[in-house]
Amino acid sequence: MARGHHDVGGLPGGPIDQTEHQLSDWEVLADAVNQALGVRGIKRTDELRRAREEMDSAAYRDMSYYERWIASMEAILIEKKILTKDEIDKRLAQFESKWGEP
Amino acid sequence: MGRAVSEASAQFKPGDRVKVKFEDRPGHLRTPWYIRGKKGWVERVYGEFLNPESLAFGRDGLPKKTLYLVAFNQTDLWGDAAKNRDKVLVDIYEHWLEPTGGDAP
């Protein structure tokens, strides 16, 4: 074992981008889905944190903040057998055929 | 979650010197890497809370664990890189702490 990819306190982090940036609609939606899952008692914050810690390290580093949120919600929904990976992929393919790839 | 009850069951009190256990195991660990094995002192006893190490796996979080605000000297964490007298304050659950000698600064 070693420190996880999320546990970076004290490591050199490079410069911090302090410019303001507006949230995209999908980021706001990600937050809304997160809230809804919490209110329904489907997930706890600790579970999502654990899911993000268990992600592939390279994928974790490549993702933005809300991309990690979405990936962890997907992992927990599959783990709890509320959705299947297949259902999510099929729905994603539907959206992509309608709207194009993101 | 009565505060009187939780403080009565707390192993440490404000001012107590504590050492963070150096544990490295699978799971959802809320104790950051950079303070494991480091010495500090208790600033505050928050009370008892559900255990996130259990909640993270969909379990009930019981038994509750006492949570503390623990202070560390910057110089104890970063050595010469921290040329100041500032403190670092971290929330740490009781099962990560052990008593250690010395006086609180």
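Colleague: Which residues does Gly37(B) touch, not counting residues up to four places away in sequence?
Modeller: This is a predicted model, in which local features need pLDDT (the predictor's confidence in each residue, from 0 to 100) of at least 70, side-chain atom pairs count only at pLDDT 80 or more, and totals for chains, interfaces and linings use all residues. Residues are numbered from 1 along each chain as its sequence is written, while chains are lettered from A and ligands numbered from 1 in the order in which they are written. Two residues are in contact if their C-beta atoms, placed from the backbone, lie within 7 Å. Once residues up to four places away in sequence are set aside, Gly37(B) touches Val20(B) and Phe22(B).

Colleague: Is Gly37(B) buried or exposed?
Modeller: Gly37(B) belongs to the loop between S1 and S2 of chain B. A residue is buried if 20 or more other C-beta atoms, placed from the backbone, lie within 10 Å of its own, exposed if 12 or fewer, and partly exposed in between. Because Gly37(B) has 11 C-beta neighbours inside 10 Å, this residue counts as exposed.

Colleague: In which pattern do the helices and strands of chain B follow one another along the sequence?
Modeller: Helices (H or I, at least four residues) and strands (E, at least two) are DSSP runs, numbered from the N terminus. Chain B contains three helices and five strands. Read along the sequence, their pattern is α-β-β-α-β-α-β-β.

Colleague: Which residues touch the most other members of the largest nonpolar core, and which elements give two or more residues to this core?
Modeller: A nonpolar core is a set of buried Ala, Val, Leu, Ile, Met, Phe, Trp, Tyr and Cys residues joined through C-beta atoms within 7 Å. Of the 16 residues in the largest one, those touching the most other members are Val42(B), Tyr68(B), Val70(B), Ile92(B) and Leu97(B). The elements of chain B that give two or more residues are strands S1 (17-20), S2 (39-49), S3 (65-73) and S4 (87-93).

Colleague: How many residues of chain B are in contact with chain A, and how do they divide by class?
Modeller: On the side of chain B, 13 residues are in contact with eleven residues of chain A. Ala, Val, Leu, Ile, Met, Phe, Trp, Tyr, Cys and Pro count as nonpolar, Asp, Glu, Lys and Arg as charged, and the others, Gly among them, as polar. The chain B residues accordingly divide into nine nonpolar, two polar and two charged.

Colleague: At what angle do H1 and H4 of chain A cross?
Modeller: Axes are lines fitted to C-alpha atoms, for helices over the stretch in contact, and angles run from 0 to 180 degrees between N-to-C directions. The axes of H1(A) (residues 25-39) and H4(A) (residues 65-79) come within 10 Å, and their crossing angle is roughly 35 degrees.

Colleague: Where is Lys81(A) found, and is this residue buried or exposed?
Modeller: Lys81(A) has a positive phi, near 60 degrees, in a residue other than glycine. Lys81(A) is placed in the loop between H4 and helix H5 (85-99) of chain A. With 7 other C-beta atoms within 10 Å, Lys81(A) is exposed.

Colleague: Which residues of chain B have pLDDT under 50?
Modeller: Chain B averages a pLDDT of 90, and 89% of its residues score at least 70. Where pLDDT is low, the predicted coordinates should not be read in detail. In chain B, pLDDT stays under 50 over residues 1-5.
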